[in-house]
Amino acid sequence: MSDQEPTAPESPGSSAPKAGERRRARALVMQALYHRHYSKSSISDIEAEFMVDNDMSKVDSAYFRDLLRGIHREQGDLDRTFEPFLDRPLGEVDPIELAILRLGTYELKHRIDVPYRVVINEGIELAKRFGGTEGHKFVNSVLDKLSRRLRLAETRPR
């Protein structure tokens, strides 16, 4: 199994998203969730702000919107899904790591087109880029355990 995100075959004029466009979408979603954590602005205001303030030409904007809206809509359920795998109370999780865990949990649950290893790797990379020194280890641990629960068929040894 490849750790690369699947993309549709390119045809002339095709606008299939590329892995880099989704990577940028995830980074913007994580930043938008972090912004929401502190600002308490409406999710539609934050979405509009991010769409205007960022160069979306190299971002899978449909993926950005799907993730942002879906995570917002299901936040409580997402938190309950990964909370059993935390080593601390939910309220003590760093806001960056919390945003990444919500993002990863949403993708593991709803974006089965994205291999679980890609979800975990993307979470680790976001934590390395934006989080604290050891944050990537925490994110890796939680998403790895969660993937075994949510993607059993994919993670089962063959």
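**Helix packing around α5, and a second pair, α2 and α3**

Good morning. I begin with helix α5, residues 95–110, and helix α7, residues 135–150: their axes come within 10 Å and cross at roughly 20°. With that angle under 35 degrees, α5 is therefore roughly parallel to α7. The crossing in which α5 passes α7 is right-handed. I should state at once that this is a predicted model.

Two quantities recur in this talk, since two packed helices are described by the angle between their axes and the distance between the axes.

Which residues bring α5 and α7 together? From α5, the participants are E97, I100, L101, G104, T105, L108 and K109. From α7, they are G135, F138, V139, V142, L143, L146, S147 and L150. Sorted by class, this contact comprises nine nonpolar, four polar and two charged residues.

I now turn to individual positions on α5, beginning with L101. This leucine lies in helix α5 and is one of the residues that meet α7. Is L101 buried or exposed? Its relative accessible area is 0%, so L101 is buried. Setting aside residues up to four places away in sequence, L101 touches F82, L86, F138, V139, V142 and L143. Of these partners, I would single out L143, which is 42 residues from L101 in sequence, while the C-alpha atoms of the two lie 7.2 Å apart in space.

The next position is R102, also in helix α5. R102 has a relative accessible area of 12%, which is under the 20% limit, and therefore R102 is buried. What does the side chain of R102 pair with? It forms a polar contact of 2.7 Å with the side chain of D79. Beyond its neighbours within four places in sequence, R102 is in contact with I71, Q75, L78, D79 and F82. F82 thus appears in the contacts of L101 and in those of R102.

The third position on helix α5 is E107. Its relative accessibility is 1%, so E107 counts as buried. The side chain of E107 is joined to that of R26 by a polar contact of 2.9 Å. When neighbours within four places in sequence are left out, the contacts of E107 are R26, Y63, L67, I112, V114, V119 and R151.

Let me move to the second helix pair. The axes of α2 and helix α3, residues 61–73, come within 11 Å and cross at roughly 160°. Because angles over 145 degrees fall in that category, α2 is roughly antiparallel to α3. Here, too, the crossing is right-handed. On the α2 side, the contact is made by I43, E47, F50 and M51. On the α3 side, S61, F64, R65, L68, R69 and H72 take part. The classes represented are five nonpolar, two polar and three charged residues.

Finally, I draw your attention to the loop between α1 (19–39) and α2 (43–53), where K40 is placed. What is notable about the backbone of K40? Its phi is positive, at about 60°, although K40 is not a glycine. K40 has a relative accessibility of 61%, and so this lysine counts as exposed.

To close, I would set the two pairs side by side: α5 and α7 are roughly parallel, whereas α2 and α3 are roughly antiparallel. Thank you.

Technical notes:
Residues are numbered from 1 along each chain as its sequence is written. This is a predicted model: local features need pLDDT of at least 70, side-chain atom pairs count only at pLDDT 80 or more; totals for chains, interfaces and linings use all residues. Side-chain values use heavy atoms; hydrogens and water are left out. Axes are lines fitted to C-alpha atoms, for helices over the stretch in contact, and angles run from 0 to 180 degrees between N-to-C directions. Helices (H or I, at least four residues) and strands (E, at least two) are DSSP runs, numbered from the N terminus. Angles under 35 degrees count as roughly parallel, over 145 as roughly antiparallel, 65 to 115 as roughly perpendicular and the rest as oblique. A crossing is left-handed if the near helix is turned anticlockwise from the far one by less than a right angle, and right-handed if clockwise. Contact means heavy atoms within 4.5 Å. Ala, Val, Leu, Ile, Met, Phe, Trp, Tyr, Cys and Pro count as nonpolar, Asp, Glu, Lys and Arg as charged, and the others, Gly among them, as polar. Buried means under 20% relative accessible area, exposed over 50%, partly exposed in between (1.4 Å probe, protein chains only). A polar contact is a pair of N or O atoms within 3.5 Å; within protein, one must be able to donate a hydrogen and the other to accept it, and residues adjacent in sequence count only if both atoms are side-chain atoms.
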